[in-house]
Amino acid sequence: MSSYQSDLLRLLEARGYIHQLTDASTLDALAGKEIIPGYVGFDATAPSLHVGNLVSIMLLRRLQQAGHKPVVVMGGGTTRIGDPTGKDEVRKMLTDEAIEANIASIRTAFEQFLTFGDGPTDAVMVNNHDWLGKLGYIEMLQKVGTHFTVNRMLSFDSVRLRLEREQPMTFLEFNYMILQGYDFRHLNQTMGVRLQMGGSDQWGNIVNGVELTRRMDGVEVFGLTTPLITKSDGTKMGKSVSGAVWLNEAQLPAYDYWQFWRNTDDRDVGRFLRLFTDIELDEIARLEALGGSEINEAKKILADAATSLARGSQAAVDAAETARRTFEEGVGGADLPSITVSDAAISLVDAMAALGLAVSKKEARRLISGGGARVDDVQIQDENHMIPAGSEPIKVSAGKKKHGMLHFSA
């Protein structure tokens, strides 16, 4: 039985989102009597977020489901600096135009998960460049910098680990935690935001904002982090053999997104159903108890539900049908990755790389020599194999679960 009284914290606890909380009892009481605006920040370093960001997006969805207000903070300002957390290298600087284009593209993904509008619990998206860009540097140092000690800043993992590895950290990056703390204070002043959420690696940054708001304004705000979400094999969420699992269709076809979830490890099915779908907990308990080959049905349900949230229900239906036709009937569906070749032939290595079945030509050669490549379901182990032009589409496979279609132009 939950120790929490509010719908918000009971929901987050039941689905496995809570790792750390500042002043849980006060937040619990507050959430039970008023609408809490809560935010998560996202930097705009690419045109799409990926599955590694999904738990934070789902936090905002749960916040809205529990009757509170999600605030999506796009880091138009902080992206110009770069969050050093978990990074070994200095981030490449993006142009203002690239950052704005990325934010516009990322918003389309959020519109799948949240209801935006002007109502009390409708989601809003703001850009921290709108206020950080107007700060005078000297004024910022005078007003905010005095509340941060270098001693403590050096103790945070994002800084300490970089220094221990003798990897450079610019002074620009060192300022990131100050600006993130200022974000929280600004959002509290202007929008009444009381809660910041994020992954466990953001705990230090979140606590900075909690303390800064208390010291400068005497207002209590709260922080909540999720556990580090890894797969049972120890790898990070958001990565696959072929690279990042992007949320936007333009960066990753719906079929590949569906297949990522279908390939979930048996041990992760229940946890991922709780975190990444809206399926009722009783049904999840039934699904994760399935044994043997029946667990594959639970994986398909996970893939359908997760894809429906990110891409829409029709995309999930189409992806599932493509998978069924590919695996059960041995034919390629329209949603499989495909390329059109104008030459009389293409090497298997080039075809696998172009279809995204391997991250590089070197990886393609390794798959071929290891017996993991097939052309129209015939195993090929010759790294120099050429695929000649044909009138019918040709299916190229990497392992049992990754497929693509070659079309040859007349």
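Okay, before anything else, one definition: rings of Phe, Tyr and Trp (for Trp, its six-membered ring) pair if their centres lie within 6.5 Å, and planes over 60 degrees apart count as edge-to-face. Keep that in mind, and keep in mind too that what we're looking at is a predicted model.

So, how many aromatic pairs does a search of the whole structure find? Seven. Let's take Phe260 and Trp261: they form an edge-to-face pair, 5.1 Å centre to centre, with 80° between the planes. Both Phe260 and Trp261 are buried. Then there's Phe272 with Phe276. Their ring centres are 5.6 Å apart and the planes sit at 70°, so this pair is edge-to-face. Phe272 and Phe276 are four residues apart in helix α13 (residues 269-276), which means about one helical turn separates them. They're both buried, Phe272 and Phe276. And here's the nice bit: ring pairs link Tyr257, Phe260, Trp261, Phe272 and Phe276 into a cluster.

Now stay with Trp261 for a moment. Leaving out neighbours within four places in sequence, Trp261 is in contact with a list of residues including Val51, Leu54, Met237, Phe272, Phe276 and Leu302. Trp261 also turns up in the largest nonpolar core, which has 67 residues. Trp261 is among the residues with the most contacts inside that core, along with Phe42, Leu54, Met74, Phe110, Tyr257 and Phe276. There's a second, separate core too: 22 residues, including Leu348, Leu357, Ile394 and Val396. As background, nonpolar side chains tend to be buried together in soluble globular proteins.

Let's zoom out. The protein has 18 helices and 15 strands. Of its 410 residues, 49% count as buried. And of the contacts with a separation of 6 or more, 71% are between residues 24 or more positions apart.

Next, find strand β5, residues 195-199. Is β5 enclosed or not, and why? Well, five of its five residues are buried, so β5 is largely enclosed by the rest of the structure. On one hand, β5 pairs with strand β2 (residues 37-42) in the parallel sense, over two bridges, with Gly38 standing opposite Leu195. On the other hand, β5 pairs with strand β6 (residues 222-226), also parallel, over five bridges. There, Phe222 is the bridge partner of Leu195.

What do β5, helix α11 (residues 203-217) and β6 make together? A right-handed β-α-β unit. Two threonines are handy landmarks in it. Thr213 lies in helix α11, and it counts as buried because its relative accessibility is 0%, where the cut-off is under 20%. Thr213 touches Phe184, Arg185 and Asn188, among others further than four places away in sequence. Thr225 is in strand β6, and Thr225 counts as buried as well, at 0% relative accessibility. Its contacts beyond four places in sequence include Tyr17, His19, Gly198, Trp203 and Ile206.

Last stop: an open sheet of five strands. Its order is β9-β15-β14-β11-β12, and the pairing is mixed. Which strands are at the edges? β9 (338-341) and β12 (378-379), each pairing on one side only. β9 runs parallel to strand β15 (residues 402-408), and four bridges join them. If you want one of those spots to click on, try Thr340: its bridge partner in β15 is His407.

Notes:
Residues are numbered from 1 along each chain as its sequence is written. Side-chain values use heavy atoms; hydrogens and water are left out. Buried means under 20% relative accessible area, exposed over 50%, partly exposed in between (1.4 Å probe, protein chains only). Two strands pair if DSSP finds at least two bridges between them. A crossover is right-handed if, with the strands pointing away from the viewer, the path from the first strand over the helix to the second runs clockwise. A nonpolar core is a set of buried Ala, Val, Leu, Ile, Met, Phe, Trp, Tyr and Cys residues joined through side-chain atoms within 4.5 Å. Contact means heavy atoms within 4.5 Å. Rings of Phe, Tyr and Trp (its six-membered ring) pair if their centres lie within 6.5 Å; planes under 30 degrees apart count as stacked, over 60 as edge-to-face and the rest as tilted.
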